[in-house]
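Opening the notebook on this one. I'll jot down what I look up as I go.

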Amino acid sequence: MSLPLYFGWFLLSPVQNKVRCTSMDFLKTLDTLEAFKKYLTDFTGKPEKEVDLEQYFQAKGPLHCTTKFCNYGKAEGAKEYAENPAVKEFYSSVFELSLSALFVTPRTVGARVSLTEEQLLLWPADAETEVEPATSLPLGSRAHVTLGCAEGVEPVQTGLDLLQILALQQEGQQPETVEEMELGSLTYYGEGRWWLKLREPICSPACFSSFYGCKEGEPTKKEPEKKKKQKCTIL
Ligand code: 2AM
């Protein structure tokens with residue numbers, strides 16, 4: 001049996017655009033807020049520098065919520081996961097994912113995914129503890145969609161940033177700033193960590209499937225020289 005790079009829920013295309021546009025709107029507004037400018041050095045390192053968050057983060061690949069990173073079978077538990085009856089049963093089924101919050105750190109921008117009981121059947125039991133062995137956060141806490149990464153940052157970081165913010169919330173840390181935005185309420189957890197709890201969670205149909213991509217060492221297609229800038233349409 002050939003194992004994929006990862007299993008996950010892949011957002012269907014119309015909603016991918018909606019999520020990308022919501023994320024761009026959020027970033028566009030965030031970097032103009034006085035509250036954000038106050039803590040600008042978290043992102044720039046220098047007080048007088050400005051930051052354009054839309055340029056700061058780069059998006060990669062299809063929007064998805066990884067359930068299990070298999071690394072073509074090299075990751076621990078990959079084979080067991082692929083053999084899980086729920087994984088076999090639900091493979092290629094469409095689910096409704098609920099994107100309940102957006103978060104930004106100097107490393108990543110992502111959307112939190114709040115999983116249902118049924119969706120948790122596809123969630124690996126050790127997804128949270130493999131990175132935070134002492135965590136008491138509930139199963140599914142790491143579920144997210146990576147929307148962009150800063151230069152040199154790998155997408156695996158998004159889930160770690162999310163777990164860090166959730167741990168602060170669990171400890172009852174009082175956020176430093178609270179601001180009401182059109183999309184929801186924005187809070188700041190220090191060290192460049194911003195959290196936007198969406199007033200209306202984004203409900204997104206997503207297909208449970210897997211991604212094979214290109215194995216290391218295999219030639220990859222060259223990127224076209226000029227990339228078309230993605231346009232947002234009002235939905
Ligand atoms: P992501 O789920 O945060 O976006 C390919 O690299 C995909 O697998 C990305 O979606 C990435 O992060 C996820 N990924 C990479 N390494 C991982 C790891 N060690 N654990 C969990 N997910 C990983």
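**Entry 1: a strand and its partners**

Which residue in β9 does F7 stand opposite? I looked, and F7 faces S210 there. A note to self before going on: this is a predicted model.

I then checked the other pairing. F7 also stands opposite K68, which belongs to β3. So much for single residues; next, the strands themselves. β1 covers residues 6-11, and β9 covers residues 194-211. The two pair in the antiparallel sense, and I count six bridges between them. β1 and β3 run antiparallel too, with five bridges joining them.

Is β1 mostly covered or mostly open? Mostly covered: I find six of its six residues buried.

**Entry 2: the ligand**

Which residues sit around the ligand? My list reads Y6, H64, T66, F69, R142, H144, T146, P155 and V156. Sorted by class, I get four nonpolar, four polar and one charged residues in this shell.

Next I went through the polar contacts. From the side chain of H64, an N or O atom is 2.6 Å from an oxygen atom of the ligand. T146 also has a polar side-chain atom facing a ligand oxygen, at 2.7 Å. For R142, I noted an N or O atom of the side chain 3.3 Å from a nitrogen atom of the ligand.

How much of the ligand's accessible area does the protein cover? On its own the ligand has 460 Å² of accessible area, and the protein covers 77% of that.

I also asked which elements give two or more residues to the shell. They are β3 (64-69) and β6 (144-150). β3 gives the most, with three residues. This is the strand I met in Entry 1, joined there to β1 by five bridges.

**Entry 3: salt bridges**

How many salt bridges does the structure hold? I get six, and I wrote up some of them.

I began with K79 and E83, whose side chains meet at 3.5 Å, N to O. Both lie in helix α5 (residues 78-83), four residues apart, which is about one turn of the helix. Are these two buried or exposed? Neither label fits. K79 counts as partly exposed because its relative accessibility is 49%, and the range for that label runs from 20% to 50%. E83 is at 38%, so I put it down as partly exposed as well.

Then I looked at R199 and E180, which form a salt bridge with their closest N and O atoms 3.7 Å apart. This pair links distant parts of the chain: R199 is in strand β9, E180 is in strand β7 (residues 178-180), and 19 residues separate them. E180 has a relative accessible area of 55%, so I marked it exposed.

Last on my list was E191 with R193, a salt bridge in which the closest N and O atoms are 3.9 Å apart. Which end is buried and which is exposed? R193 is the buried one, because its relative accessibility is 8%. E191 is at 58%, so it goes down as exposed.

**Entry 4: to keep in mind**

F7 has S210 opposite it in β9 and K68 opposite it in β3. β3 is also the top contributor to the ligand shell. For the ligand, my contacts to remember are H64 at 2.6 Å, T146 at 2.7 Å and R142 at 3.3 Å.

Conventions. Residues are numbered from 1 along each chain as its sequence is written. This is a predicted model: local features need pLDDT of at least 70, side-chain atom pairs count only at pLDDT 80 or more; totals for chains, interfaces and linings use all residues. Side-chain values use heavy atoms; hydrogens and water are left out. A residue is near a molecule or strand if one of its heavy atoms lies within 4 Å of it. A polar contact is a pair of N or O atoms within 3.5 Å; within protein, one must be able to donate a hydrogen and the other to accept it, and residues adjacent in sequence count only if both atoms are side-chain atoms. Accessible areas come from the Shrake-Rupley method with a 1.4 Å probe; for residues, only the protein chains shown count as cover. Ala, Val, Leu, Ile, Met, Phe, Trp, Tyr, Cys and Pro count as nonpolar, Asp, Glu, Lys and Arg as charged, and the others, Gly among them, as polar. Buried means under 20% relative accessible area, exposed over 50%, partly exposed in between (1.4 Å probe, protein chains only). Two strands pair if DSSP finds at least two bridges between them. A salt bridge is a side-chain nitrogen of Lys or Arg within 4 Å of a carboxyl oxygen of Asp or Glu.
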